[in-house]
Structures are given as C-alpha cells and as structure tokens.
Amino acid sequence: MKRDFTGIPIVDFSLSHSDPPKYYEQLRFALEDVGFVVFVNVPGFEDAFQKKLFARAEYLFSKPQAWKDALGTQHLYALRGYFRADDISGPHKAYAEAFRFGPDLPVPVGEDVPFWLKLHQGPNQWPDEEELPRFRELMETLFNRYHALNIALNAHICHILDIPEAVMGSYFPDATEFNSAIWHYLPLTPEIRAAAQDGFAQGMHEHRDPSTFVTCLIQSRPGLEVQNHAGEWVDVPMIEGGVVCNIGMQLMKLTGGKLVATTHRVNTLKIEEDRYTIPYVLSTKLDKKVAPLPQFANGYSAKDHAAPNPKILKLMGIDDPLERSGYARLSLFPAVGQRLYPQEFQRAHNLGLL
Ligand SMILES: O=C(O)CCC(=O)C(=O)O
Ligand SMILES: [Fe+2]
C-alpha cells in the first residue's frame, strides 16, 4: 500500500550534495508515495528570476486579443503559440489561456503525414523582439535551466531505482526535445463560482501527465490540487522560488508503479488573482515503447493507490507509441485539440480517451 499524504513534500534540493541520505529518504517518499514534490534551493530558479518571468508572462497576456491571435495555434498544426480555453462551451471549457512551445523542428512535409507527427513538429511562434524585448532570451534561459534540473533529477531517480543512468538515458533522443507552455489562469468571478460543480471550477481538467517521465513547473500563485490515495484533493503549496516536479505515467509504467503518477487539476475556485505557471517536460523518444523494466515487472512494485481515471488507463493501453503520443497531446489540450484536429479528436472521444 502506498503511504497516503495530506500535504505535498517540500524538499531542499541542496541536500542532494550536503546530506544525500536525508535527501534520498525525502525524495523516495515524494516520488514513490505522493508523485509530487516541491523543490526549494534549485540552482537557477531563484525567486527573483521567477518573478521576472511571471512579469513577462503578465505583459504577454495583457497584449490586445488581436495581437495574441496573430500568434495563435490555428496557424500551425504543431500546437505552438497562443490559445484560449475559455471561449468554448462544453466539458473542455477551462478558465485559462496559454502560449505553447516545443522543439523547433521543421514542419513535416508530404501527403500522408500522420497527425502525431504534425502535432509534434513545427517552429515556435516567437513574438516580435521589439514588441516583447528579450522575451525569447529569457524563455530560452529558463529552458536551459529546466534542462539542467531534469538531468540532475533523472540521475537522482536512477539512484532511487538502483538502475544505471544509461538505462534511463536510452529513452531520451540525442538532441534535446522538450514541451513547455506559459499558462494564464483567469481569476475567479461570481459567474465562475456560480457555475462550479462539486467544489471545482475548471482551470485545467483532472489528469495524470500522460507522455512524460517527469514534469517540472514554476507557479506564481496556488491553484494546483493533487488527489491523494483516499481520493481527497490536496493543495500544492505556493513556495516562492520553488519548483514543483511530478511523475508522469510513462515513468510510472517503466517502474511498474514503483514511482506513482498522481491525478491533479487546477481549481479556479482557489484562484483569487491571475495565476501564471510555466511547466516544462523533457521529451522522451516518441517512437520508443515504454514497458516495465524486468526488475519492476512482477507487479510487486505497484502498491495500491487511488485508481487512475479510466480515460488515462485507456490512453496508456494504446500499443503504438506514436499514436499514443498524439492522443496524449489531444487529451492534455482538449480546447485547442478539438479545433486543430476535429477528426482525430472525435476518434479519441469514441475510443473513450477524452
Ligand atoms: O499549470 C498548472 O498548475 C498545472 C499544469 C499541468 O498539470 C500540466 O501542464 O500538465
Ligand atoms: Fe499535469
């Protein structure tokens, strides 16, 4: 049985050097039983740097709607650039807008490019340097720092799992690929409060990160909730200068459930003022199938925990890793996915993935 939790562990990243036994004891509980951790003292993620990023994010989203739409996701199948999730009706309406980034790869050409490849590849839509001075430079600095954090954290995870770093390394492409976004969660209004159901107003739907080993995120305010093994929602604390990291379903699968990917959501009922977040994921090889490593394949590691959402289970059951990656992205970004890929979205819906 997984040990349950009523709070998200806060772990001092500098202990990895100064007191490794203490660090690994805390990290083990966070990754095996909770699936989430808030790191403090991560090099490069000082509060002043994060505040600078959030100020730029605020400025970006304060631009006129037409300016933002000119950089909209509708211009590229790769889901890069700006979109809103609050201008639709139905179950995928969410009180948020976002700007998405990914690996800067050329648009794939050809008659029959599959949707998962179109969704993966394309250039980013950077705002004009004069309109948003040094924005790109700042974001690329952040991406480099996130990359360094992921490399360090992957080594720590290998230590916990007692596996060679090369085993984990074999899942990552030679050239670094990543996915990132800046989210702007709109503050609570009386109308949103009136429309809330079961204590929830949708900033982001409940999910487990479907295609990742680890997701890292910086946040300007609280609003993120994690489901514990009793099914209760637990707040992720807002720690200035902190970095939230969580386990994705692919790493859970690789470890036969030893590391747990927990369900989470963004609850607008908790968001009194505009909230900005910047998640980052170091991408694994799109075409590499993930199955439990032999030492975790006996089911012993899985331990009981709150059952995953059936939609996620269906998604993880798709055999072809490439198709799975495409559907994973549609399921994570339903508001824009249904506009860019209506047919595939409908198919995903029929398959019970959405
Ligand atoms: O923005 C947040 O707080 C959560 C983001 C998230 O869960 C994700 O990007 O998968
Ligand atoms: Fe997530």
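Here are three short exercises on the ligand and metal sites of this predicted model.

**Exercise 1.** Work out which residues surround ligand 1 and what kinds they are.

*Solution.* Start by listing everything with a heavy atom within 4 Å of the ligand. That gives you Tyr 185, Met 204, His 207, Asp 209, Leu 217, Leu 224, His 264, Val 266, Arg 275, Thr 277 and Pro 279. Next, sort them: six are nonpolar, three polar and two charged. Now look for side chains making polar contacts with the ligand's oxygen atoms. Tyr 185 has a polar side-chain atom 2.7 Å from one oxygen atom. For His 207, a side-chain N or O atom sits 3.1 Å from an oxygen atom of ligand 1, and His 264 also has one at 3.1 Å. Finally, check the cover: on its own ligand 1 has 300 Å² of accessible area, and the protein covers 93% of that.

**Exercise 2.** Find which strands build the shell around ligand 1.

*Solution.* First, place the ligand: the space it takes is the largest cavity. Then pick out the elements giving two or more residues to the shell, namely strand 6 (202-207), strand 11 (264-267) and strand 12 (275-282). Strand 12 supplies the largest share, three residues.

**Exercise 3.** Identify the protein donors of the iron ion (ligand 2) and trace them along the chain.

*Solution.* Go atom by atom: NE2 of His 207, OD of Asp 209 and NE2 of His 264 lie 2.1 Å from the iron ion. Along the chain, these donors follow the spacing H-x1-D-x54-H. Last, map the two histidines: His 207 is in strand 6 and His 264 in strand 11, so to speak a link between distant parts of the chain, 57 residues apart.

Terms used. Residues are numbered from 1 along each chain as its sequence is written. Chains are lettered from A and ligands numbered from 1 in the order in which they are written. This is a predicted model: local features need pLDDT of at least 70, side-chain atom pairs count only at pLDDT 80 or more; totals for chains, interfaces and linings use all residues. Side-chain values use heavy atoms; hydrogens and water are left out. A polar contact is a pair of N or O atoms within 3.5 Å; within protein, one must be able to donate a hydrogen and the other to accept it, and residues adjacent in sequence count only if both atoms are side-chain atoms. Accessible areas come from the Shrake-Rupley method with a 1.4 Å probe; for residues, only the protein chains shown count as cover. On a 1 Å grid over the protein atoms alone, a cavity is a set of points where a 1.4 Å probe fits but cannot get out, and a pocket is an open set with protein on both sides within 12 Å along at least five of seven lines; lining residues have an atom within 4 Å of a point. A molecule sits in a cavity or pocket if more than half of its atoms lie within 2 Å of its grid points. Helices (H or I, at least four residues) and strands (E, at least two) are DSSP runs, numbered from the N terminus. Ala, Val, Leu, Ile, Met, Phe, Trp, Tyr, Cys and Pro count as nonpolar, Asp, Glu, Lys and Arg as charged, and the others, Gly among them, as polar. Donors are N, O and S atoms within 2.8 Å of the metal (3.2 Å for Na, K and Ca); water is not among the atoms, so sites may look incomplete.
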